[in-house]
Structures are given as C-alpha cells and as structure tokens.
There are 2 protein chains.
Amino acid sequence: MYLEGTYSEIYPDVSLDAAGMKRLFKQFSFPGGIGSHCTPELPGSIHEGGELGYSISHAFGAAFDNPDLIVTVAVGDGEAETGPLATSWHSSKFINPIRDGAVLPILHLNGYKINNPTLLSRIPHEELEALFIGYGGKPYFVEGSDPTLMHQTMAEVMENCIKDIRAHQNEARTSGKASRVHWPMIILRSPKGWTGPKEVNGNKVEGFWRAHQVPLTGVVSDTEQFTMLDQWLKSYQPDRLFDKTGRLIPELEALAPKGSRRMSANPHANGGLIKRNLRMPDFQSYAARVDKPAQTNAMNTRPLGEMLRDIMRMNHDNFRVFGPDETSSNKLEAIYEVSKKLWLSEYLPEDDNGGELSPDGRVLEMLSEHTLEGWFEGYVLTGRHGFFATYEAFVHVIDSMFNQHAKWLAISEKLSWRAPISSINLLITSTVWRQDHNGFTHQDPGFLDLVVNKNPDVTRIYLPPDVNCLLSTANHCLRSENDINVIVCDKQSHVQYLDMDSAIKHCTKGLGIWSQGQVMIKVMSLMLLW
Amino acid sequence: MYLEGTYSEIYPDVSLDAAGMKRLFKQFSFPGGIGSHCTPELPGSIHEGGELGYSISHAFGAAFDNPDLIVTVAVGDGEAETGPLATSWHSSKFINPIRDGAVLPILHLNGYKINNPTLLSRIPHEELEALFIGYGGKPYFVEGSDPTLMHQTMAEVMENCIKDIRAHQNEARTSGKASRVHWPMIILRSPKGWTGPKEVNGNKVEGFWRAHQVPLTGVVSDTEQFTMLDQWLKSYQPDRLFDKTGRLIPELEALAPKGSRRMSANPHANGGLIKRNLRMPDFQSYAARVDKPAQTNAMNTRPLGEMLRDIMRMNHDNFRVFGPDETSSNKLEAIYEVSKKLWLSEYLPEDDNGGELSPDGRVLEMLSEHTLEGWFEGYVLTGRHGFFATYEAFVHVIDSMFNQHAKWLAISEKLSWRAPISSINLLITSTVWRQDHNGFTHQDPGFLDLVVNKNPDVTRIYLPPDVNCLLSTANHCLRSENDINVIVCDKQSHVQYLDMDSAIKHCTKGLGIWSQGQVMIKVMSLMLLW
C-alpha cells in the first residue's frame, strides 16, 4: 500500500521518503501505532487479519454480483485449521459463473503457526490434493524456496488460473447456462520467514516456527544479532530500489497501475464509494389492518417476507438474503416468488415440486452461520445490501464475528476517507418463549447482552412486537448505514398492537430517543399498550 | 433407551407397557416434556443434539485415553455443513492407536435439512470420497433404500470397520510404535423419513425435505391422513414386537446386553461414575516469594505451568491440556518437560530442536478453539480432567459452546442419577491491556458478560492478580466439579501483591462469599492492596 502511494495520500506524515518510511516501520504493531495485520485504517482492505477464519467467506461475499471481479485471497495454514474456514471452502458451490465474479484462493502452507507445525503442511501430497478436490476445487501447486524460480512459477500458475476462470465464465456467459464450476485454487508452499535469518543462536529460524513474530529479539544489546539484522535487510538491496531521499526509483514506481487500479485504491475495498442505495417499496403497503389494539393475531414476519420479495425484485444485482436453511421456517418464503435459493450442484426431479432451487437464486442458504455472516460482511463491505434471518439461540454461533465487524465499523466511522457502507441486518426469530418443544438448547435470549456492550454508534437493537412495527423497523434498517441492526421478532402468530400510523409515530419517537441515548435500545414492547 | 429398559429404571412413570409408551410418546418434543433430541435427561447421552457442530469433537474427547473404547458417532449432513464440524474431521490426526480408543464416524447423508438439500449429498461420488480421503479417513459406503438389504450391508461394513480398527490397534500395541492411522469411517446414504409416508397431498415426503419434523400435519381433522398415520405405524408390526400389555416380547428384550453393557447405561456416558479425582501436588510449593506487596514483578502463569507439569506427571492417563497453539506463548511451557504436544503426522529433522512434539504427548494443540473445547467437553463428560488456555479476545469464538455446556451442567445437577463430572477450566490470557501492539481485533474483555448471565450454580469467574492467587485459584478449580471456571490472568510480567498465606486467606474468604452470593464473581484485584 505504501509503495503504491495510497498510504501516503491518506496519511501524509508517512511520506514517500526516508522520514516517512521510518515512521511507517516504527508504528507497525506498536502501542498507539497500527495493528500487526490488515485493519480498517489500511486502504485497500476489507478483511481484518486479526481473528482467523473468515478470509474465504469475505472473498466470496465480495465476488457475488461482481461479474468482472477476480478476488484473490491468501489463507494461512494456521487459519485453515479453524472451523469457519474449513467449511467456507464450500463457498465455491455458490458462485454462478454468469452473474458472479470468481475467487482465487491461495492456501499458503508456510508450515507453522506460533509454535507448532500446521496440520495441512504435514500430510502427504496426494492427501492434500484429495482434500481440495473433495471440496470441489482444482488445486494448482507452487512449491519451493528459490525466490527467482518461485516468482516465475507463481506468475505462470496465476496466469493459468486466470485463463481457467475466464474460460469457465466465457462458456457460461456465451451459452447462458450457469452450472457449478470446479474453480482453480493455488496451494503455495514456501518457507516461513522466507529470506530471513537462517539460524539464530544455533537454532533454525527460516522455515521453522521460530520465524513467527520477531526472529531477532536481541538486536539492541547483541552485536551479532544486530549484524544479522543489518545483513538481512540489506539483502533486499534497498540501494537499488530507492533513491537517496528514500523514495522508490521511478522505474519501479511505474510498475504499479495508476489511480483506482492500484490494489490499495480498489473502490471495491472502500465499498461505500460504489454503493447504490436500495430502491425501496413503500413499506406501508404491506401493513396489517389493526382496528383496535390486541384484538387480532398474525404472523409478524410474513408481511416482511413480502416486502423483502419486492426489494429483491427492485434490486436484482445488489441485494441478497441469507439464512441457515430457515427462510421458509421463518415465514419469509414470499421471497421465493421472485428469487429462489441459489443451487448449482446436482438436481433431482423432486426439486421441481417445492425445492425452490435455481442457479439464478439470490437467497443463500447453507447450514453455517459463520459462512453466511462472512458472505454478508464481504457483500456489504464491497458496497451492496442484505438481510440475514436466523434462530435466536444459534446467533451466538457468530458472537465473535459480530464483535469483530462492530469493531471494524467503529474504526471505519472515524476514517473520513472510508465511505459509509450499508448495515448488517440480523433478524432474530424463534425466540426463547416459542422453543419449549425443542428444549433448552434452542432457548437463549442472551445475544442482546453482547450487543449492548458494543459501541452504540454502530449497533442497534429493535424489539418490534407486531407486523407494522416490524415493517417500519425493517424499512429503517435497510436504509441505514454503518450499523449492525439486531431485530428480534418471533415468527409465530402473535397479538397485533399498533396500526401503521401508530407504528410509524412510535418508531419516529424512538428514533428521537436513540439519537441521544447512551445505550441505544429501542424497546417497543408491551408498554406501548399502556 | 426405552427398549433397553434404562429409561424406565430412571423414570418409572414411563413404564415398560402401553401406559408408559403413551407417556413417552406424548412428552416427546412437547412443552414441559422432553427435548426433540438427546438431552442430559436421557441416560446414555453425553452429546446434546440441539446446537450443531460438535458431535465429532465430543466423540474424540471420549476416545482419548480409553484404549478399549470404540466411539461411534452419527453426523447428519446438515451438521456437516457447520464450521466446527468441518474442521473436526482432522481430529483423527490426534488419536494415538496405543493409548487411545477409536472413533468410528457415520456421516449420514439423508440428503436434506429443514427445507434444503445438503451440500455433501449432491456432489459426485468421487468428490465425496476424495474429501474424506483428504481429511485422512478411509471411507466405507453404505447406500440404498431397501431396509433388509441395508441392515445386512451396514452390519457387514460395521464389522469390517471394527476389524480394521482392531488391526491398527494391535499392530501399534504389539510393536509399541504409535503412528498416524487412516481410520475407517462410514458414509451412510439413506432416504430422509425412511419408511414413512411416501406422498402426502400429492407431494413427495419420503426421501425429500418434507419428511423433516412432522410429515402428517393434519391427522386430527383429515381422515385420509389419519389412515396414512395408522398404516405407517402399523408397518412396524407392533403386534409382533410387543405383547398385549405393550411390553417388548422376551426374545427381543433378550437381544440387548445386560446392565451397564447396554448402550444407554454405558458408564462412559455418565462420566462421574468412573471419574477418579486428580492426584494433586501441593500448590503452595510453587509460590512466588512476596516479602512486601507491590515490590516485585513476575509472570503470573509460569509457576502455574510448573504446577500443571506436575499434575500431568501424577495423572498420566486422565489429564490433558488444550490450547490453540499458545501453550508456550502463555508461558506454560514447563508442561513440556513431562509431556510434549501430541503429533502423529509427518516429522522433520528440525522438530527435534524446539518442536516439543511427540506421538505420546498429552498437550493437544490445534488452531480451532471449537475443536479443543469439543474435545475437552467430551473428555470431562466421560470422567476425566483438563485445562484449556486461550487468548481473551478469541474465547468469544466458543461463546455458544460455553452457553450450551453450561445448560448441560445446569440440567445435569438436577438429575440425581448423573454423577458430577470435573469442571471445564478456561484460563484466559493476553488480556485487553496487553494487546495494544496487535490492535483492536485482539482486544475484548467481554466474555465475562456472557458468563455472568449464566446459571451461577455452574459458572465461576476468577480474576487472580498475581502468581499466588492464580495458583490457589487453579488448585481450587482443578478439584471442583460441574462448573465452568473462567480464570482471567495475563501472562506478561505483573506486580506481585500477596504472599501465599495471604492469597490462601483471601481465597478462603472469597469461597465464603461466593457460596452465598447470587452473581458469583470473585474479584481479587487491586482493591486487595488497600
């Protein structure tokens, strides 16, 4: 990012000279400085490198509905051991080669974590290959340790992969027939701490776990280590790369593309820049008739399903609905009138009767809340919109993803160059009171505890008690930016309280309260009756 | 469980006759009744079926250090889509064929979730096979829909798998050489709703998603559906299976093994029955010398590492330490003097210098908090003990597992027939204040919010500020039962406050408080200085 110039454009203090470079190095992974990995502060990033597990699902979220985009994503062999990452390889089954872009994953086997070898680096080649064929990919291998040879091999393999991707896309786009593709992926095996110190104090460093973090810890007091550091850094031949002021020499600077073609200035990685607002129907047209409070019953989520159906119709390339196999169970199935569930794998004759599957579907269902949330985040981070419905008890599965995305948003809001993105909208159904028959495992209203301790600038809780309040809430949430909206509303038949006018009035009041309150909970519950 | 007689022994109202059977059926998945899946109330269960993702890791936890046990575990193809489950297949790389038992997973592809086909049921056979070979297994297939043929095939395959397992174990145990085994696993493909109604209202039910939950929803008002239900249930020929009183006929009753050999009476599934308490060293012997409060500094977790080392030495077959690649980072590496990290995959020459790996290691490290927690739960649920150290920010990854295990314990405590098991001990290090260099993603003290809203009978929070308080706390936790102990203590150098006598005194006071308090937090923080 720094060498492309983007970083200095945003942070002029980190200038393109020796002084700027010194500042850049000093602040790295330092208290009060910048993180030890990609963070929102870095231009060109949509994926925070801190908590592991979500790189692949973020990449796929970015590729959906971006037919010209190829998203490359590097996955460490440490991250590859996590559960969320392990199932996210199946994301390739959800790429429609006509309307979606492609993801080119690079599984980087450098062999080690902090102190341990990695599982995938210590299994036979055939086993590793079988695993990724089994996941549905077409693995290409780049393996070795000679930098010159490796760069050539990588360039060649990368080119083959891209040709492969384009061939599949061309075939589908020419024929108009979308089917599942065994997309290429790269398995890159190179030494950890590559080109760093080979040995320190008689202990192997390059190509071993000791290369993690700080390979030379004694440079301040140990002359030998200081010399090693000096030699190591000089091995990159900075004199040939930078001029006397510390700026990259012109012929190297010229290698990077210009303007927004630079990787670190890609507008997809600052999604708010390219975001189009949703075209929205009038939410009042789905209103439930309520002549008098508490006289009639209705399923609160059904009219919302109709509204989501029409939003889907009006925004055919920048809106998606996510659910772990529960869109129908949550009474949102009106959506299927406009868009089915995406399915590119094998079909059976019975799918025609109630399967609601289609290669063009825009509803994404997979029994992994992690993958869904990752896709959703990747999708909104690159400037699009979505809606995720899930069961109350099991939303805890993505507690940590919620926390991390809230942190991302809280930092992003302070970065004037990051344009606001659309909100994550979570509808939480099957609430504790209605889960008696499934039992205790299905009962847990505790997600809200997690939400209220987050930054109130980026989190919202809504508890709409009836159809009209839910519609009004959803209308607001789908237009909002840079929030995580948590809407709790059960799907079963419930008493209806407010007619639409009252619902709007109370919602407006609520809006007034919350823009001032510290803990921003909007409770529109039974008290409204009093 | 009911047909084996175990259920009626515990719940005599559900007797072995028509009245008992009626009661059993009526309470199933009914408010105030029993859950829709395995719960703690059911004898023979260690694995709750509610939240999906942990079946395989629980099974491996049960198999560790149980050399004669073969744990069969059925995994639905829905659950198989979750992240925690997807990575837990790698657990087979952690089974030592000499000292551990075996796990025989049965991946059950019935093809559907609530409303959707499953990913793994709709890929080509070769791809499915490659996936499980890639995971390191040896897949056997059982596929079909004719019940008689399928039972025969399943019996035959099961026998082959068990022979396979025993052959590997015999080889390792005879030679004394433990290495990684490609353990067998079964892929069972059978119709969803097998032998249930084929069609209802012209819609396919058997072998389609409609067989999920209640295939005949109109039996009360619809005579045709009532007849279908009648025919379906009679197709099991109850008249030939039960006598006139509703009891299983003697020749069928005789098929089940006797007493604790019944699956539902297996003592491993009521782990407290076979639990041996840990042999414990005197924790005071690891004390830090503190002549005066707040004069010296020490790394709080190092002496704990020495204590854990000696516990490991004294309990060589019923104690394990779990960590996501952070045992050294958390300054607990003294443990390695007694037991290394378990590693059965490929070795490289450099592993001898600082790898700390061994096929006999009792420290389990994998970069999946989900898998570690699942192993740990399976291990204590079958009567053993353990200790899990992880980073504060990333313990949120297992929020939901924490919630569900707390529920399991809360219910279990009310079941007099369930003997108490040892506690889950979670040491949370790398606390928020010491993560400035890694940045915001690595900072989150919020796990305690999750803990305090749980049942105080089964959860504990400890905040020991120094070496001696941590030792005293760990000593208490490792002797405790039926709790989840959350110990927050940073690993870096900190000021030491209390000498051992004061630490014990304050801990004892604390114990007094917490046995009466409602919110059971034991804060032994700076206030102790005043």
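Modeller: Buried means under 20% relative accessible area, exposed means over 50%, and partly exposed is in between (1.4 Å probe, protein chains only). This is a predicted model, in which local features need pLDDT of at least 70, side-chain atom pairs count only at pLDDT 80 or more, and totals for chains, interfaces and linings use all residues. Residues are numbered from 1 along each chain as its sequence is written, chains are lettered from A and ligands numbered from 1 in the order written, and side-chain values use heavy atoms, without hydrogens and water.

Biologist: Why is A:Thr195 called partly exposed?

Modeller: Its relative accessibility is 30%. That value falls between the two cut-offs, so A:Thr195 counts as partly exposed. A:Thr195 sits in the loop between E4 and strand E5 (199-200) of chain A. Helices (H or I, at least four residues) and strands (E, at least two) are DSSP runs, numbered from the N terminus.

Biologist: What makes the phi of A:Thr195 worth a remark?

Modeller: It is near 70°, a positive value in a residue other than glycine. Most residues other than glycine have a negative phi. B:Glu356 also has a positive phi, near 55°. B:Glu356 lies in the loop between strand E9 (341-342) and strand E10 (357-358) of chain B. Its relative accessible area is 27%, so B:Glu356 is partly exposed.

Biologist: What makes strand E4 of chain A mostly covered?

Modeller: Five of the six residues in E4(A), residues 184-189, are buried.

Biologist: How do you know that E4(A) pairs with strand E3 of chain A?

Modeller: Two strands pair if DSSP finds at least two bridges between them. E3(A), residues 138-143, shares six bridges with E4(A), in the parallel sense. The criterion is met, so the two strands pair. In this pairing A:Glu143 stands opposite A:Arg189. Strand E2 (residues 102-109) of chain A also runs parallel to E4(A), with four bridges. There A:His108 stands opposite A:Leu188.

Biologist: Why is the unit of E3(A), helix H6 of chain A and E4(A) called right-handed?

Modeller: The term applies if, with the strands pointing away from the viewer, the path from the first strand over the helix to the second runs clockwise. E3(A), H6 (residues 147-175) and E4(A) make a right-handed β-α-β unit.

Biologist: What makes a set of residues a nonpolar core?

Modeller: Its members are buried Ala, Val, Leu, Ile, Met, Phe, Trp, Tyr and Cys residues, joined through side-chain atoms within 4.5 Å. The largest has 163 residues, and A:Leu107, A:Phe132, B:Leu107 and B:Phe132 have the most contacts inside it. Another core, of 33 residues, lies apart from it and includes B:Met280 and B:Tyr497.

Biologist: What does B:Leu107 touch?

Modeller: Contact means heavy atoms within 4.5 Å. Beyond four places in sequence, the residues that B:Leu107 touches include B:Trp89, B:Phe132, B:Met185 and B:Ile187.

Biologist: How do you know which relation links chain B to chain A?

Modeller: Copies are superposed by least squares on the C-alpha atoms of residues with pLDDT of at least 70 in both. A rotation of 180° with 0.0 Å of shift along its axis puts chain B on chain A, with RMSD 0.0 Å. That is the relation of a two-fold axis. The C-alpha in chain B nearest the axis belongs to B:Gly83, 2.0 Å from it.

Biologist: Why say that the copies meet through the same surface?

Modeller: Because 99% of the interface residues of chain B are also interface residues in chain A.
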